[in-house]
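Thanks for sharing this one. Here are a few notes to read alongside the coordinates, starting with the pocket and moving on to two helices and a strand residue.

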Amino acid sequence: MKKVKCHIVEDEPLAAELLEDYIAKIPFLELTGVSVTAIEASLVLKKMDIQLLFLDLHLPGIKGFDFIKGLYNPPRVIVTSAYPQYALEGYDLNVVDYLVKPIEFGRFFRAVNKLQDSSSWAVQKPVVYFQENRKKVPVDEDAIYFIEAQGNYVKIHLKERTISSKCSLKETLSKISSTKFLRIHKSFVVSCSKIESFNKNKIIVLGRELPVGRIYKKTVDLAINNLR
């Protein structure tokens with residue numbers, strides 16, 4: 001199996017050690033080293049063919065997203081951050097995944113397996129399977145407009161139809177990309193790319209007004225401000 005050369009950009013020693021341990025458990029990942037600043041990482045990128053970065057956002061000097069924006073031909077990026085409110089900006093920059101600290105190995109494993117070990121280093125087609133009427137239904141993640149929790153079920157709203165699946169919203173969130181979706185209410189999760197309009201109290205998706213929950217207002221405000 002071809003090895004994928006990856007590099008950690010992290011200024012917290014314990015966080016870097018945890019990632020090193022996780023990477024060592026993945027057969028197709030090859031760690032090239034650890035940088036504690038974006039400037040140090042940029043020098044490594046000039047010398048080595050790095051295919052994947054595990055990037056912390058709050059770095060000394062240049063911050064993580066500013067670092068990505070400044071690269072002419074950046075490698076694939078998996079963000080590792082203690083701040084979930086910046087996930088939408090990560091989506092805009094096409095990161096592979098956005099991991100919120102503390103990172104569990106299972107979540108890390110799902111993130112790295114979104115990648116295919118191929119010559120083009122392509123991202124796997126984002127298909128999610130939902131149980132409906134005793135059948136597993138494949139759904140293109142990019143076709144989801146919003147997800148609604150109703151009792152013991154979730155409703156997956158697509159453009160032309162709605163899928164009703166018996167599972168919790170928490171379980172559903174574990175299946176989808178955290179960089180593409182935003183939780184706005186205890187009962188609603190929206191696709192960032194499908195938001196039609198918004199204000200501090202509601203978001204409109206697929207022509208429907210969805211409420212912004214009180215405890216989610218701060219995170220939603222920070223996220224949607226990046227859409228302006």
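1. A word on classes before the pocket: Ala, Val, Leu, Ile, Met, Phe, Trp, Tyr, Cys and Pro count as nonpolar, Asp, Glu, Lys and Arg as charged, and the others, Gly among them, as polar. With that split, the lining of the largest pocket has 17 nonpolar, 5 polar and 5 charged residues. Please keep in mind that this is a predicted model.

2. How much space lies in the largest pocket? The volume comes to about 820 Å³. Its lining is made of 27 residues, and those nearest the centre are P84, V100, R107, L173 and S178. At least two lining residues come from each of α4 (87-92), β5 (97-100), α5 (105-112), α6 (169-173), β11 (181-185) and α7 (217-225).

3. Y98 deserves a look of its own. This residue sits in strand β5 and is buried, with a relative accessible area of 2%. Setting aside neighbours within four places in sequence, the contacts of Y98 include L57, F65, V79 and Y86. P84, R107 and S178 are also in contact with Y98, and P84, R107 and S178 are among the residues nearest the centre of the largest pocket.

4. Helix α1 (residues 13-24) passes a simple length check: at 1.5 Å a residue, its 12 residues should span 16 Å, and the end C-alpha atoms are indeed 16 Å apart. The buried residues of α1 are A15, A16, L19, Y22 and I23. They cover an arc of only 125° around the axis, so they lie on the same side of α1. P13, L14 and A24 are exposed on the other side. Among the elements covering the buried residues of α1 are β1 (4-9), β2 (29-35), β3 (52-56), β4 (76-81) and α5.

5. Which residues of helix α2 (residues 38-47) are buried? They are A38, A41, S42 and V44. Viewed down the axis of α2, these fall within an arc of 160°, so they line one face of the helix. As a reminder, an α-helix has 3.6 residues a turn, so residues three or four places apart point the same way. The exposed residues I39, K46 and K47 are on the face of α2 turned away from its buried side. The buried residues of α2 pack against β1, β2 and α3 (64-69).

6. One last pair to locate on screen: S42 and Y98 are 56 residues apart in sequence, and their C-alpha atoms are 21 Å apart in space. S42 is buried in α2, while Y98 belongs to β5.

Definitions and conventions: Residues numbered from 1 in each chain as written. Predicted model: local features only at pLDDT ≥ 70, side-chain atom pairs only at ≥ 80, totals over all residues. Heavy atoms only, no water. 1 Å grid on protein atoms, 1.4 Å probe; cavity = no way out; pocket = protein on both sides within 12 Å on 5 of 7 lines; lining within 4 Å. Points joined across faces, edges and corners; volume = space filled by probe spheres on them. Helix = DSSP H or I, 4+ residues; strand = E, 2+ residues; numbered from the N terminus. Expected span 1.5 Å × (residues − 1). Buried < 20%, exposed > 50% of the residue type's maximum accessible area, 1.4 Å probe, protein only. Arc of directions from axis to C-beta. Contact = heavy atoms within 4.5 Å.
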